[in-house]
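Colleague: I'm still new to reading models like this one. Could you pick a single part, take a close look at it, and walk me through how the rest is arranged around it?

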Amino acid sequence: MTASAINLQQRNELTYGQDNPSESLFGNRLIDLQILLGVFSLLYRPLYKNIGLFLAEDSRFRLASNFSLRCNSCDFVTAVCSYRKLNKLNEAHSRFVYGLRLNGRGFTAGRNLCDIRNLPLLHSKLAFRLQENKLLSSAATIATNLMNAASREVRTLENSENAVVNCSHSVDSTWLRRRYSLLNGFVSENSVDTGKVLDFETLSQCCRLCKSKLPNKKHHCNHHKVFSVSMKPVGAYRIFERTKNLRVLR
């Protein structure tokens with residue numbers, strides 16, 4: 001079957017093949033609040049003419065809002081949040097910041113996007129930076145676990161779990177864009193046997209702490225201070241230097 005035929009079949013199954021099609025809906029949607037209020041009025045006014053339901057926004061936290069649905073004829077009140085919370089973090093704000101950083105954009109671009117889409121504006125740059133740090137910590141933890149698992153897989157192929165294993169690997173590098181004079185570079189070490197990433201190194205010629213006027217004696221700059229073209233051998237050297245102790249590989 002073609003892709004269009006499969007999509008049509010899935011839509012028909014979702015609409016007619018189930019008793020409750022709404023249970024198969026998932027993900028996030030953007031909806032106008034006036035449309036939502038109009039749906040409530042269409043549902044309840046024909047049945048109960050004397051009952052009026054009101055949707056009120058009790059509080060707002062960045063891109064998420066806490067609503068309450070109230071009835072003016074009885075004591076019926078129910079509260080609902082527009083987005084879920086994961087580990088005490090707002091999912092809407094986390095996804096929004098994560099999407100901006102994946103596209104190389106920051107706080108200003110996020111505020112402009114919210115303004116154009118008529119969404120609640122981001123509170124402050126400090127809150128944006130805090131969310132960035134949380135996402136960076138989570139991404140670094142996941143990357144470390146995946147690279148440790150890839151290293152264990154290589155040692156398993158060589159029938160050695162504890163001793164240092166000699167393995168074949170390839171090194172590749174890239175820059176932020178297609179130029180050899182950019183400030184930011186990336187070097188990765190890939191296993192030839194499994195094709196998975198064993199380690200990586202990010203290099204940059206820009207350091208905010210070094211350029212700041214306030215002296216910081218505890219700061220030891222690990223940035224690249226030479227030409228951008230030499231980022232690949234420098235990154236490969238740093239990876240080779242720590243692979244034995246970090247990944248138990250040589």
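Modeller: Let's take helix 5 and then follow its contacts outwards.

Keep in mind that this is a predicted model. Helix 5 runs through residues 125–157, which makes 33 residues. From its first C-alpha to its last it reaches 48 Å, close to the 48 Å expected at 1.5 Å a residue.

Next, which residues of helix 5 are buried? They are A127, F128, Q131, E132, M147, A150, S151, V154 and R155. When you look at numbering like that, remember that an α-helix has 3.6 residues a turn, so residues three or four places apart point the same way. And what do the buried residues of helix 5 pack against? Their partners are helix 3 (91–102), helix 4 (107–116), strand 7 (184–191), strand 8 (197–204) and helix 7 (231–247). After helix 5 comes N159, and its phi is positive, near 60°.

Let's zoom in on F128, one of those buried residues. The structure holds two aromatic pairs. In one of them, the ring centres of F107 and F128 are 6.0 Å apart and the planes sit at 70°, so the pair counts as edge-to-face. F107 belongs to helix 4 and F128 to helix 5, so the pair ties together parts that are 21 residues apart in sequence. Both F107 and F128 are buried.

These two phenylalanines also turn up in the largest nonpolar core, which has nine residues: L63, A92, F96, V97, L100, F107, C114, L122 and F128. Helix 3 and helix 4 each put in at least two of them. Helix 3 gives the most, with four residues. A92, for its part, touches L63 and Y83, leaving aside residues up to four places away in sequence.

That makes helix 3 worth a stop of its own. With twelve residues at 1.5 Å each step, helix 3 should span 16 Å, and its end C-alpha atoms are indeed 16 Å apart. Its buried residues are E91, A92, H93, S94, F96, V97 and L100. They pack against strand 4 (85–86), strand 5 (89–90), helix 4 and helix 5. Helix 3 is followed by G104, which has a positive phi near 75°.

Back to helix 5, this time for the largest pocket. Its volume is about 1,700 Å³. The pocket is lined by 34 residues, and the closest to its centre are R101, E132, L136, N184 and T202. E132 you've already met, as one of the buried residues of helix 5. Which element gives the most to this lining? Helix 5 does, with nine residues. Helix 3, helix 5, strand 6 (169–175), strand 7 and strand 8 each supply at least two lining residues.

Now look at the loop between helix 4 and helix 5, the place where you'll find N118. Here phi is near 60°, a positive value in a residue that isn't glycine. Is N118 buried or exposed? With a relative accessible area of 71%, N118 is exposed.

P120 brings in another part of the chain. R60 and P120 are 60 residues apart in sequence, yet 8.5 Å apart in space, C-alpha to C-alpha. R60 lies in strand 1 (residues 53–61), and at 47% relative accessibility it counts as partly exposed. Apart from residues up to four places away in sequence, R60 touches S65, P120 and H123.

Last stop: helix 7, one of the elements that the buried residues of helix 5 pack against. T243 is found in helix 7, and it's buried, with a relative accessible area of 5%. Not counting residues up to four places away in sequence, T243 touches E189, V248 and L249. V248 sits in the segment after helix 7. It isn't a glycine, but its phi is positive, about 55°. At 23% relative accessibility, V248 counts as partly exposed; the cut-off for buried is under 20%.

To pull it together: helix 5 puts F128 into the edge-to-face pair with F107, packs its buried residues against helix 3, helix 4, helix 7 and two strands, and gives nine residues to the lining of the largest pocket.

Note on methods: Residues are numbered from 1 along each chain as its sequence is written. This is a predicted model: local features need pLDDT of at least 70, side-chain atom pairs count only at pLDDT 80 or more; totals for chains, interfaces and linings use all residues. Side-chain values use heavy atoms; hydrogens and water are left out. The expected span of a helix is 1.5 Å times one less than its number of residues. Buried means under 20% relative accessible area, exposed over 50%, partly exposed in between (1.4 Å probe, protein chains only). Contact means heavy atoms within 4.5 Å. Rings of Phe, Tyr and Trp (its six-membered ring) pair if their centres lie within 6.5 Å; planes under 30 degrees apart count as stacked, over 60 as edge-to-face and the rest as tilted. A nonpolar core is a set of buried Ala, Val, Leu, Ile, Met, Phe, Trp, Tyr and Cys residues joined through side-chain atoms within 4.5 Å. On a 1 Å grid over the protein atoms alone, a cavity is a set of points where a 1.4 Å probe fits but cannot get out, and a pocket is an open set with protein on both sides within 12 Å along at least five of seven lines; lining residues have an atom within 4 Å of a point. Grid points are joined across faces, edges and corners, and a volume is the space filled by probe spheres set on the points.
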